[in-house]
Each structure stands twice: as structure tokens, then as C-alpha cells.
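Got your viewer open? Load the model and follow along, one selection at a time.

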Amino acid sequence: MPPLGRRSFLAAGAVLTTGLAGCARTIPEAYDDGPGWGWTRQARPLDLGVTHVEYSLAPTDPPEALARGRAVLAGAGRWQNQHLMGWGALNPEPAPGADDWSSLDPRFSLIAGTGGRAVLTVAGAPDWMKGAPPGTTDFGRLEEAPLPRHYDDLAALAARAVARYPQVAAVLVWNEFKGFYDEARGGWDAAGYTDLYERVAAAVKRARPEVLVGGPYVPMDLWASGDVAPSDLRGPWGVTDGRALAAVEYWLANHSVADLVVVDGGTATRDGGLVTDAVTAAERFAATTSWLRERTGLPVWWAEFYPEPDRSASGRDDPGGAARAAAAVAAVAALAPAGASAASL
């Protein structure tokens, strides 16, 4: 997940507000207003949301700016996501048994105060769960996974978090398989991740059975070349990384409890950037969602979706501009009829 500054966070909220306005929850069975016009009912409602990162709204912001930001956030979609550690949150358990909720308390208060439904992403892990001395925190190690002997410790921390924050309605386990790439094998350690997922999911369900839990939250990378990690899930927008698809299929076959299947990805390929126009590229979201729905009846969540704007249309890199907004709306228009249940920037 790339860092997102305060202004970009508010721009994302504005884009999602626009997209949500164009994504009807109820569409007539059929509507015909002349040749070539018609409506097709969405497979299911699509909820939109945002993710809080390092620079989100804070009580120390100027009152006028804070009020504007809260208004944007209140209209930016149903779900608001907050990570357990990092991306704006301090170490929640610097030493075993020494919980520190000082950074998470105001974040979840903000979510509740702006009418959002809270998502807790259980990532990262306190440093002592990675083998560091208790009481130390090095955010340079944020993307390291906990050691297997500490999976239960992270699960217990997640359970305490959902018990503390009744706003949390959904839990996503880990983030983009960080720390779970097996260099020797040249692929994702889906078995190791699934072990962690199972422990976290079980602990969360024991604490609050009604909370939705999902995984595997693997990055569905695209490649311009079909030789890097080939798969049959491809189109004019690129080739979906076959290693990611294999990780999803492993998790689907081996998890014991799940309410959601969670992925993330964008429209830019890793080796060639955007290889077609932004609207055509947005079809990768529909194709990937359909691929998932062919394999599971679980609701499909895009924890992060990154629609790349057509640079030739904007003429410059303008994160809050019309080209980026148009790309985001094209992505929403692709996700909704494909049957995605939620998508967040």
C-alpha cells in the first residue's frame, strides 16, 4: 500500500463520493428508452470506502479544515479502514501484555463520529513478535511478518482490539502477504499465511462472532509481459500474476472460516505501467472479480483498488484531477456489475 497524504486522502474521499453517487443500489429489472439503451441489474450492491493512513484528520488540524474534512469523510462511502499498527497507528503492544491504544482510540472515534462502519486490518505486528527485544519499535520492519511462534499472540491482540472497538464490523487479516514471499520457491507462502489467518479469524470470532472476517488480501499484480508469472486471467490491460491466483486458490481450499474474500490491485502493470486507456484498463477489476466469483460464493472485497489515470488525457500527474476521477468512476462502473461487494481507496 503506498503512502497517502492528507490532501490525497481527502481527494480520494471526494472521488469515492462521486463514484458512489453514480453507483445505484437499486436498478430496475429493465429499462428501454430507445435503441441501444438499457439497464442491467447489478449482481449485488457495491459499498465504497476509504483507508486511514499516516496523515488523516486530527484534532490538531485547523477547525475549518477539520470540519471540511469530516464532511468529505462522512460522504466518502460506507466503510472506513484502519490498520492495527503502522499507516498512522503506533505500536499497539510494544511489549507483551503492555497494550497502547493511544493512537487507535482517536481513529476509531473519528470513524464512529463520521458515520462510518469500521474495518480493522490486522497488520503489522509488534516487533517482539518478529524476534526483536520487547519495548522496541522499528517501523522499518513494518512489512515483516510475525514469527510463527507468535501467530497466537497477534491473534490475541486482534481479539482485544475488536473487543475494545465495537465500531469494528469487519476484520481483514494481514496486508498484501507482506513478509510471506518465499524467495527460494519464487512464490507466495500461502500455507504460512493461511496458518496466521486461521488463528486470527478464530480469535476474532471468539471475541465477537458477528464481526466479518476475510482474507487472503493478496496483491493481484498485473504484468505487461506474459512471461513473468503467466496465467489465463489476461486481457488488453495485462496479465494477472499467476502466483497471486495460486495463493488465492490455496486459501480458498484451506481456510475453515471466512465471511469475505479480499484482494487488492490496480490497472498499471508492474513492468509497463498502463498499457491501454484508463476505461479499458478498468475492465481488469471486472475480470478479476468474475474469476473470484467463479470459485467462491463469498462476497468479493477490494481492500485497495488503484485505477491509473490516462496521462495523455490529463497531460500531467494530478492526483486530485479530472483524469484520476474519471479513472476511479470507470473502475467503480466495472466493479459494480461484476458483483464486487466492497471497494476502498
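Keep in mind that this is a predicted model. Start by selecting strand 3, helix 4 (residues 151–164) and strand 4: together they make a right-handed β-α-β unit. Now hide the helix and look at how the strands line up. Strand 3 and strand 4 (residues 168–173) run parallel, paired over five bridges. To see one of the matched positions, pick leucine 120, whose bridge partner in strand 4 is valine 171.

Next, stay on strand 3 (residues 117–122) and switch on a surface. Is this strand enclosed or open, and why? Five of its six residues are buried, so strand 3 is largely enclosed by the rest of the structure.

Then bring in strand 2, which also pairs with strand 3 in the parallel sense, over five bridges. Click on histidine 83 and look across to strand 3: threonine 121 is the residue standing opposite. Trace the chain from strand 2 through helix 3 to strand 3, and you follow another β-α-β crossover, a right-handed one.

Last stop: the loop between strand 2 (79–83) and helix 3 (104–113), where you should select proline 94. Proline 94 has a relative accessibility of 22%, so it counts as partly exposed. What does proline 94 touch, leaving aside neighbours within four places in sequence? Show Asp100, Trp128, Pro134, Gly135 and Thr136, and you have its contacts. To finish, draw a distance between the C-alpha atoms of proline 94 and methionine 129: you should get 9.7 Å, for two residues 35 apart along the chain.

Conventions
Residues numbered from 1 in each chain as written. Predicted model: local features only at pLDDT ≥ 70, side-chain atom pairs only at ≥ 80, totals over all residues. Heavy atoms only, no water. Helix = DSSP H or I, 4+ residues; strand = E, 2+ residues; numbered from the N terminus. Buried < 20%, exposed > 50% of the residue type's maximum accessible area, 1.4 Å probe, protein only. Contact = heavy atoms within 4.5 Å. Pairing = 2+ DSSP bridges. Right-handed = clockwise from strand over helix to strand, strands pointing away.
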